[in-house]
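Here are some questions and answers on how helices and strands pack together. Have a look at the model first, and then we can go through it piece by piece.

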Amino acid sequence: MIIKTKNLPDTKDLLKKLPVVHYLEPEYVYFPIVTPRCLSGDVCVIEGQKVKVGDVIGTRDGSFFEQNIHATCSGEIVAQEKHFDSTGKKVNTIVIKNDFKYTLADHIQTRSDEDIKKLKPKEIIEIIKDLGLIGLGGGGFPTYIKLNVKEEQKVNVVIANGVECEPELISDYGLMMDKPKHVIKGLIYAMQAVGSLKGVIAIKAKNEELYKRLEFTLREFSEYDIKVARIGNYYPQGWETEVIKNVTGIDVKHKTLPIDYGVINLNVSTLESIYQAIKHGLPLLERRITISGNAVENMTFIARIGTMISDLVEISGGYKNPDTAKVMIIGGPMMGANVRQDDVPMTHTTTSFIVNDNVEYQEEPCVRCASCVYSCPVALKPVQIMNAFKEKDVDMLKTLKVDHCITCGLCSYVCPSKIPLTDIMKSAKNLLLR
């Protein structure tokens, strides 16, 4: 009998027990000028120029927004050269040689709690914009745009999304365990920015120790209406629409936004970055990243943005079975990006680097088992979409609603014939955009 696949095996319990290594002093740090969301950018520094922590060194340009790029260490601009990014492309990259002094830019100042309470919503949003904050759950959408609600829009609740449902990802979990107060204060600042009186921190129901830690910390903030919601342990529970439905009961329809229903959903790491920005005037300087997989020594780091992943792999002990071909993934095993090399710099959204020994699979013809249909969280028919894509039948792709696909990877994961359905779904979605 074919059943819906929702529970995926992971190694989170083992990864959570790893000691955390602070690697915050790389000799060089690297900053790509473009990202998958920002296809162009400008540099505002030159070789030989001295910079401080928090100085703007460039600007990335999206289709309707811009994002400042900040130095995460003090030192000297030594190059603008090509380096690989997480998509496998070589892109223009700013290189800073660390002077290991970590001198802060003159404009960085800590604000008192009283001063923060006096900030107007627009002032909070402007700070977040200037410091280049983006969504740290993987999407990388500018935070200032998400918070810049229209005057006629009422925000009833701000959700702190701490579900982190993909296997092998523990960055958000570790952050909430180590710095729950920072996350909660970041949530309060976000609520202040959008005029919401209610906040909810969403976590997996099985994370009992995290629930107790958050509940204990919230005792210090009893004047605020903030609750912890324990929701499903399944995949993809962390998907924004699914989180909102299980926290509020609201079903966010396709091509509508959470704000249309009075809801804003922010990743917990994004909220911690908001705390650092509003309280201390800092851009995102560091992130927790886990090196995992069967072909590498597993280790968790807190590393500076701009650090080369290859440096972290070397510190962890290098690769096992070096003569065996490897599969490398930046991000989670379900939605992450395959890369062919590890000399890729950490960016805002980098939380995991997975390395496994390569296993060759033989793709077979579809056996019509319907596993992909049963398991699709948005009720699509991947095999029919695959057939329509092969025929380049755009009308049928629209009829089959391929644009609803969230590229969660479940269709490929459950397919007994090893058909790369998720890649096909991505290509089919792109076909509609031409």
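Q: Which residues in α7 are met by Pro 180, Lys 181 and Ile 184 in α6?
A: This is a predicted model, in which local features need pLDDT of at least 70, side-chain atom pairs count only at pLDDT 80 or more, and totals for chains, interfaces and linings use all residues. Residues are numbered from 1 along each chain as its sequence is written, and side-chain values use heavy atoms, leaving out hydrogens and water. Helices (H or I, at least four residues) and strands (E, at least two) are DSSP runs numbered from the N terminus, and contact means heavy atoms within 4.5 Å. On the α7 side, the residues met are Arg 213, Leu 214, Thr 217 and Leu 218.

Q: How many nonpolar residues does the contact of α6 with α7 have?
A: Ala, Val, Leu, Ile, Met, Phe, Trp, Tyr, Cys and Pro count as nonpolar, Asp, Glu, Lys and Arg as charged, and the others, Gly among them, as polar. The contact has 2 charged residues and 1 polar one, and its nonpolar residues number 4.

Q: Are α6 and α7 parallel or oblique to each other?
A: Axes are lines fitted to C-alpha atoms, for helices over the stretch in contact, with angles from 0 to 180 degrees between N-to-C directions. The axes of α6 (residues 180-194) and α7 come within 10 Å and cross at roughly 60°. Angles under 35 degrees count as roughly parallel, over 145 as roughly antiparallel, 65 to 115 as roughly perpendicular and the rest as oblique. The two helices are therefore oblique.

Q: Which strands does helix α7 lie across?
A: Helix α7 spans residues 208-218 and runs at about 175° to one of its strands, β11. The strands it lies across are β10 and β11.

Q: What are the edge strands of the open sheet?
A: Two strands pair if DSSP finds at least two bridges between them. The 4 strands of this sheet pair in parallel, in the order β11-β10-β9-β12. An edge strand here pairs on one side only, and these are β11 (225-231) and β12 (263-267).

Q: Which residue in β11 is the bridge partner of Ala 202?
A: Strand β10 (residues 198-204) is joined to β11 by 7 bridges, and the two run parallel. The partner of Ala 202 is Ala 229.

Q: Which residue in β17 stands opposite Lys 326?
A: Strand β15 (residues 326-330) pairs with β17 in the antiparallel sense over 5 bridges. Opposite Lys 326 stands Asp 357.
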